[in-house]
Amino acid sequence: MKFGFIVFVLVAATSVAAGTLTIRDADTIVIDGTPVRLNGADAPELQTRAGKSARRWMVNFLAGKSVSCDLNGERTYDRWVGVCYADGQDIGAAVIAAGHTLDCMRYSDGRYKHLETPAARARLHRARYC
């Protein structure tokens with residue numbers, strides 16, 4: 001007799017709060033070893049001057065702040081996807097408003113579009129998937 005097992009995995013939205021925080025780049029942070037992709041932020045690649053500047057801004061912005069994320073259960077590469085907050089302020093919104101990233105409408109449904117700066121639109125290249 002053969003037995004089959006069916007495993008159901010419930011992916012629920014969850015939250016994480018920072019004990020240790022590392023900034024990979026302007027759209028990925030690592031909280032206690034959990035990589036989190038900022039949902040809706042399209043940052044320049046780290047190998048570019050704009051990417052390095054954006055990461056530096058993110059490091060300074062998050063310094064000394066309490067960071068938490070609401071994960072939506074999705075993954076991209078090794079990262080969970082979510083909206084993260086620094087002392088209650090949406091980090092994705094802040095980095096876009098500061099002119100270091102663009103809105104990725106495919107994932108944000110345009111919630112950050114109004115925050116894009118004209119200088120960022122002229123200087124940064126939007127990822128094709130956005």
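1. D25 is buried yet forms no salt bridge in this predicted model. The nearest side chain of opposite charge belongs to R79, at 5.3 Å. A salt bridge would need a side-chain nitrogen of Lys or Arg within 4 Å of a carboxyl oxygen, so the pair D25 and R79 does not count as one.

2. What does the side chain of D25 reach instead? One partner is the backbone nitrogen of T28, at 2.9 Å. The backbone nitrogen of D27 also lies 3.0 Å from a polar atom of the D25 side chain. D25 itself sits in strand β2, which covers residues 21-25. Leaving aside residues up to four places away in sequence, D25 touches L46, R55 and M58.

3. M58 leads on to the largest nonpolar core. This core has 24 residues, and those touching the most other members are I29, M58, L62, V67, C69, C84 and I91. Two or more residues each come from β3 (28-31), β4 (34-38), α1, β6, β7 (79-86) and α2 (91-97). Which element gives the most to this core? It is α2, with five residues.

4. I29 deserves a separate entry. Not counting residues up to four places away in sequence, I29 touches L21, T22, I23, T34, P35, V36, L62, V67, C69, C84 and I91. Among these partners, L62, V67, C69, C84 and I91 are also named, like I29, as core residues that touch the most other members.

5. K65 is found in the loop that runs between α1 (49-62) and β6 (67-76). Is K65 buried, partly exposed or exposed? Its relative accessibility is 29%, and because buried means under 20% and exposed over 50%, K65 counts as partly exposed.

6. The side chain of K65 reaches the backbone oxygen of F61 at 2.9 Å. Beyond four places in sequence, K65 touches A86 and D87. The C-alpha atoms of K65 and G88 are 9.4 Å apart, although 23 residues separate the two in sequence.

7. On confidence, the average pLDDT of the protein is 87, and 86% of the residues score at least 70. Residues 1-13 are another matter: pLDDT stays under 50 there, and the model has two contacts for this stretch beyond four places in sequence. Where pLDDT is low, the predicted coordinates should not be read in detail.

Notes. Residues numbered from 1 in each chain as written. Predicted model: local features only at pLDDT ≥ 70, side-chain atom pairs only at ≥ 80, totals over all residues. Heavy atoms only, no water. Helix = DSSP H or I, 4+ residues; strand = E, 2+ residues; numbered from the N terminus. Buried < 20%, exposed > 50% of the residue type's maximum accessible area, 1.4 Å probe, protein only. Lys, Arg positive; Asp, Glu negative; His and termini not counted. Polar contact = N/O pair within 3.5 Å; in protein donor to acceptor, adjacent residues only side chain to side chain. Contact = heavy atoms within 4.5 Å. pLDDT = per-residue confidence, 0-100. Core = buried A, V, L, I, M, F, W, Y, C linked by side-chain atoms within 4.5 Å.
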